[in-house]
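This report introduces a structure to a reader who has not met it before. Please look over the sequence and the coordinates before reading on.

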Amino acid sequence: MLTLKFIQEHKTEVVERLKKKNFDASEIVEKILSLNEKRRNLLKASESSQAEMNSLSKEIGALYRSGKADEANKAKAKTAELKNTIKELNADLDTVEKELHEELVLLPNLPHDSVPEGRTAEDNEVVKQGGEIPALDNSAVPHWDLIKKYDLIDFDLGIKITGAGFPVYKGKGAKLQRALINFFLDEAEKAGFKEVLPPLMVNEDSGFGTGQLPDKEGQMYHVTADNLYLIPTAEVPVTNLYRDMIVKASDFPIKNCAYSACFRREAGSWGKDVRGLNRLHQFDKVEIVQITHPDISYRALEEMVAHVQTLVEKLELPWRILKLCGGDMSFTSALTYDFEVYSAAQERWLEVSSVSNFENYQSNRLKLRFKEDGEKQTQLAHTLNGSALALPRIVAALLENNQTPEGIKIPEVLVPYTGFDIIN
RNA sequence: GGAGAGGUGGGUGAGUGGCUUAAACCACCGGUUUGCUAAACCGGCGUACGGGUAACUCUGUACCGGGGGUUCGAAUCCCCCCCUCUCCGCCA
């Protein structure tokens, strides 16, 4: 959520910048400003009445103590009206504050100045590219066939015990999962991210803190009996570790990485995009999260992007980095880079990571603040996160790109983790 | 699942209706003293939203798990909810 203060001070800027996200903010901003004016007036009136009440009460107490009951009773009579006034003012204030909040959460985060104009994924800007797209021979098949051929993942068994989108990994397929998770965690740790292993379910407050609730409620599995949500990404529990906190500027940067299973209902998805490993209800991912000083959050973003780049390079996959255009960015992000790897048999790019700077948009909800050393004033921290990496599409690309007549070759860097160098 | 105890500032913890402006201690920060460390002493030490100001100082209101109620006045009394801990049961 944008801060009220910022909207007040940068009214036209907010409207202008949100145009890039194809969002017309002018009406909402006007409404916010007028509601805030209302709020301030009500607040002033309420507070001065309360101040009056407080001093009257004090007097009454003093009168009783000095035995002047008559005068005390007289003073009491005066409080009745005041009490009513306060009640009414506070009720109005409450209403206005709720309305104001409802409007505030409608505004998306402002896109960074460098975000390209555009409406759809077509308009995303390729900023960097590397690796070589392998030339597969005619016998090459997509990963869902390879998976069957080598008995790596069983979708039908998953359907039997749970449902579509919950694959069962088997044998070398299962080992490959473990290998990738450990590889990603080790690499993240080398890059300075401290590992945490968070719960896979979170409460409502956490869902709200990172912005999944209330807007994207339908995308999460909801355990209604206990009112808990299965996490769609480790970003949720890990970022919420710092909810409602005031940290010291000297604690920055706070860097965490976490492996977790991720659960997504993917309501409304269909078609060829969901074939094989392309889209699942449950999948594994290593996430990196960073909380920084606002002055250096964009440097932190570049570092995180560089880290992800080393991962796809070490896995010897053809990769490219996209800077998302305004229209394709998420509601909460200020700048997002997507990583894609080329899946040679499907002949398409697959998104495997999304790295974003949220600036203070998330921390305003989370109430994640910091203080400069020696300063009394609190400021909102900047939060960032990124996948490093999500497994299924990496597996899809690895299988497809590395298929040979003899079997599927495992990238060198993974061999110490898998314990085998070929799947055959 | 059953029974009990409890939720007060960063932590421990006092506080049964107005001498509370939430004590005290610890931690933390600043200062004095000191050969260094330690200690002692002095001072400071919450958050949010307002008002005021050139700025600092200043000032108002709210906040003792959350919500409601009683009262001139609530951390304190009443009601509802949430959470935590202990014991028992079940269990990897």
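The following paragraphs treat the surface near the RNA strand and then one helix. The model is predicted.

**The surface near RNA strand B**

There are 22 residues around RNA strand B, and those that come nearest are Arg39, Glu47, Ser57, Lys371 and Thr378. Sorted by class, this surface holds 10 charged, 6 polar and 6 nonpolar residues. Three elements each supply at least two of its residues: α3 (26–65), α4 (69–104) and β14 (368–371). Helix α3 gives the most, with 14 residues.

On the side of the RNA, 71% of the atoms of strand B within 4 Å of the protein belong to sugar or phosphate, and the rest belong to bases. The table lists polar contacts with the strand, including both phosphate and base partners.

| Residue | Protein atom | Atom of RNA strand B | Distance |
|---|---|---|---|
| Arg40 | polar side-chain atom | phosphate oxygen | 3.2 Å |
| Lys83 | polar side-chain atom | phosphate oxygen | 3.4 Å |
| Ser57 | backbone N or O atom | base nitrogen | 2.7 Å |

Ser57 thus appears twice in this account: among the residues that come nearest to the strand, and as a backbone partner of a base nitrogen.

**Helix α7**

Helix α7 covers residues 171–190. Its 20 residues should span 28 Å at 1.5 Å a residue, and because its end C-alpha atoms are 29 Å apart, the model agrees with that expectation. Buried residues in α7 include Gly173, Leu176, Leu180, Phe183, Phe184 and Glu187. Just after the helix, Gly192 takes a positive phi of about 95°.

Note on methods:
Residues are numbered from 1 along each chain as its sequence is written. Chains are lettered from A and ligands numbered from 1 in the order in which they are written. This is a predicted model: local features need pLDDT of at least 70, side-chain atom pairs count only at pLDDT 80 or more; totals for chains, interfaces and linings use all residues. Side-chain values use heavy atoms; hydrogens and water are left out. A residue is near a molecule or strand if one of its heavy atoms lies within 4 Å of it. A polar contact is a pair of N or O atoms within 3.5 Å; within protein, one must be able to donate a hydrogen and the other to accept it, and residues adjacent in sequence count only if both atoms are side-chain atoms. Helices (H or I, at least four residues) and strands (E, at least two) are DSSP runs, numbered from the N terminus. Ala, Val, Leu, Ile, Met, Phe, Trp, Tyr, Cys and Pro count as nonpolar, Asp, Glu, Lys and Arg as charged, and the others, Gly among them, as polar. The expected span of a helix is 1.5 Å times one less than its number of residues. Buried means under 20% relative accessible area, exposed over 50%, partly exposed in between (1.4 Å probe, protein chains only).
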